[in-house]
Amino acid sequence: MKIGIIGSGHVGLVTGACFADLGNEVICMDHDIAKIKLLKRGKALFYEPGLRELVQKNMSKGRIHFTTSISDTVRFAKVIFLCVGTPPKANGEADLAAIQRVAEAIGRNLNGYRLIVEKSTVPVETGSRIYKMIAENCARKISFDIASNAEFLREGSAVKDFYSPDRIVIGVESAKAKSLLLQIYKPFKVPILITDVKSAELIKHAANSFLAMKISYINLMSQICEKVGANVEKVAEGMGGDHRIGKAFLNAGIGFGGSCFPKDLSAFIAITERLQIPSDLLKVVVAINESQQKYFLMKAEQGLEKIKGKKIALLGLSFKPDTDDLRNAPAMDIAEELKAKGARLIAYDPCAMPAAKKLLKGMQFAENAYEACRDADACFILTEWREFRELDLKRLKKLLKHPIVIDGRNIYDPELMKKNGLRYYSIGRREV
Ligand code: UGA
């Protein structure tokens with residue numbers, strides 16, 4: 001299949017590279033000239049395990065190409081995936097300016113039937129808006145279809161997620177669109193849900209908001225657990241053991257971040273408000289998430305007595321492990337708060353430091369976790385990178401000026417920390 005990808009960011013590039021690897025002919029378009037230049041040279045734009053190798057392999061086989069030209073993309077591809085950004089506006093709504101620009105350009109360049117597929121997360125009813133924009137910009141009457149096929153990739157495991165999704169959701173309004181998408185997804189041996197475009201659009205927002213709600217729910221439990229001396233991990237295990245609830249996404253911590261959950265929740269709230277449906281549930285999910293960072297900072301104040309003048313080692317900055325993405329990273333907000341309270345910060349992250357250096361001013365960076373902890377008054381664990389789970393605790397204790405570890409991700413067994421002489425504070429579990 002000849003496939004066009006418009007928008008070569010995280011979603012677009014992973015989708016393009018994986019479709020190429022499945023034997024399709026793919027053209028990835030982006031209006032950012034510098035980005036396309038880098039991609040043409042086989043360079044990585046961001047850290048995503050396995051992606052660079054996949055792009056290089058398919059470039060050498062001639063199955064993936066890069067361009068800044070939307071007209072070349074429209075002329076080349078039979079199926080065009082829209083993967084442009086839909087960032088939040090000041091009022092929380094999704095900004096569809098990029099979608100509009102692209103839809104108009106597709107309309108101007110349409111020279112025969114094309115299937116245009118929404119891959120970016122968009123508000124329900126965007127499909128019909130895109131249809132109108134394309135039709136209005138088309139010089140003559142040419143038939144085309146709009147479909148919705150949201151991605152459910154997670155950063156850090158995007159390539160793996162692409163090949164083994166739990167399900168594929170296809171929203172279509174015509175038999176032709178359905179048959180084209182089924183042809184593309186033929187190699188996948190996973191359930192494929194076929195529905196109308198609006199339901200498919202809603203599934204993405206509904207799924208992300210539900211996952212965020214699970215996290216806020218367990219974070220609320222963590223605060224209750226701490227007040228009464230219970231253990232949130234056991235509560236999560238007991239709840240998750242019920243197959244109707246499930247164990248996934250019940251890790252208490254410093255809250256969710258990233259480029260998806262916060263943005264999708266605010267967009268979903270804006271949609272419910274537009275539809276005049278109460279959105280209190282979604283708003284509470286956001287409020288609990290915000291309170292979880294304050295709760296962590298309160299814990300820090302308890303552990304250190306006062307923050308001002310203290311040297312604090314921060315382990316982890318990215319919003320989750322295996323990515324260098326700092327967007328809405330709870331660790332970044334916590335770093336800013338600690339700085340404002342007068343702490344001296346020294347951070348280490350296995351991947352995100354180049355980006356963090358540009359954003360966090362007046363802060364030191366270390367070459368590894370141990371160097372960050374040398375002579376520090378406390379060590380804060382903010383992202384659960386694998387290497388932080390495997391620290392030499394005896395060495396850590398020797399390096400720290402005061403043996404205090406405040407863990408926002410619950411990666412250690414409190415008893416093990418105690419045995420190693422560390423004072424350990426975690427989320428929703430007793431201090432040791
Ligand atoms: C999320 C969804 O998981 C994907 O299915 C979806 O495709 C994607 O958004 C998207 O819309 O593009 P992602 O943002 O990459 O993926 O990351 P997640 O692994 O979902 O983690 C999100 C945040 O929740 C992270 O900050 C993570 O630390 C936090 N989290 C996750 C918890 O605090 N507790 C948990 O139990 C799980």
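Let me begin on the surface of this model, which is a predicted one, with Leu220, Ile224 and Val228, whose side chains make a nonpolar surface patch of about 270 Å². If you follow the chain to Val228, you will find that residue in helix 9, which covers residues 197-228. Is Val228 buried or exposed? Val228 counts as exposed because its relative accessible area is 63%, and the cut-off for that word is over 50%.

Now let us turn to the ligand, which has 19 residues around it, and among these Phe152, Leu153, Glu155, Lys204 and Asn208 come nearest. Sorted by class, the shell around the ligand holds nine nonpolar residues, three polar ones and seven charged ones.

Please look next at the backbone, where a N or O atom of Leu250 lies 3.4 Å from an oxygen atom of the ligand, while a backbone N or O atom of Gly257 lies 2.9 Å from a ligand oxygen atom. For Phe319, a polar backbone atom is 3.0 Å from an oxygen atom of the ligand. How much of the ligand's accessible area does the protein cover? On its own the ligand has 710 Å² of accessible area, and the protein covers 92% of that.

Which elements give two or more residues to the shell around the ligand? They are helix 9 and helix 11, the latter being residues 261-274, and the largest share, three residues, comes from helix 9. So that we end where we began, let me point out again that helix 9, which gives three residues to this shell, is also the place of Val228, one of the residues of the nonpolar surface patch.

Key: Residues are numbered from 1 along each chain as its sequence is written. This is a predicted model: local features need pLDDT of at least 70, side-chain atom pairs count only at pLDDT 80 or more; totals for chains, interfaces and linings use all residues. Side-chain values use heavy atoms; hydrogens and water are left out. Patches are made of residues with over 30% relative accessible area and no salt bridge: like charges are joined within 9 Å, nonpolar side chains (Val, Leu, Ile, Met, Phe, Trp, Tyr) within 5 Å. Accessible areas come from the Shrake-Rupley method with a 1.4 Å probe; for residues, only the protein chains shown count as cover. A salt bridge is a side-chain nitrogen of Lys or Arg within 4 Å of a carboxyl oxygen of Asp or Glu. Helices (H or I, at least four residues) and strands (E, at least two) are DSSP runs, numbered from the N terminus. Buried means under 20% relative accessible area, exposed over 50%, partly exposed in between (1.4 Å probe, protein chains only). A residue is near a molecule or strand if one of its heavy atoms lies within 4 Å of it. A polar contact is a pair of N or O atoms within 3.5 Å; within protein, one must be able to donate a hydrogen and the other to accept it, and residues adjacent in sequence count only if both atoms are side-chain atoms. Ala, Val, Leu, Ile, Met, Phe, Trp, Tyr, Cys and Pro count as nonpolar, Asp, Glu, Lys and Arg as charged, and the others, Gly among them, as polar.
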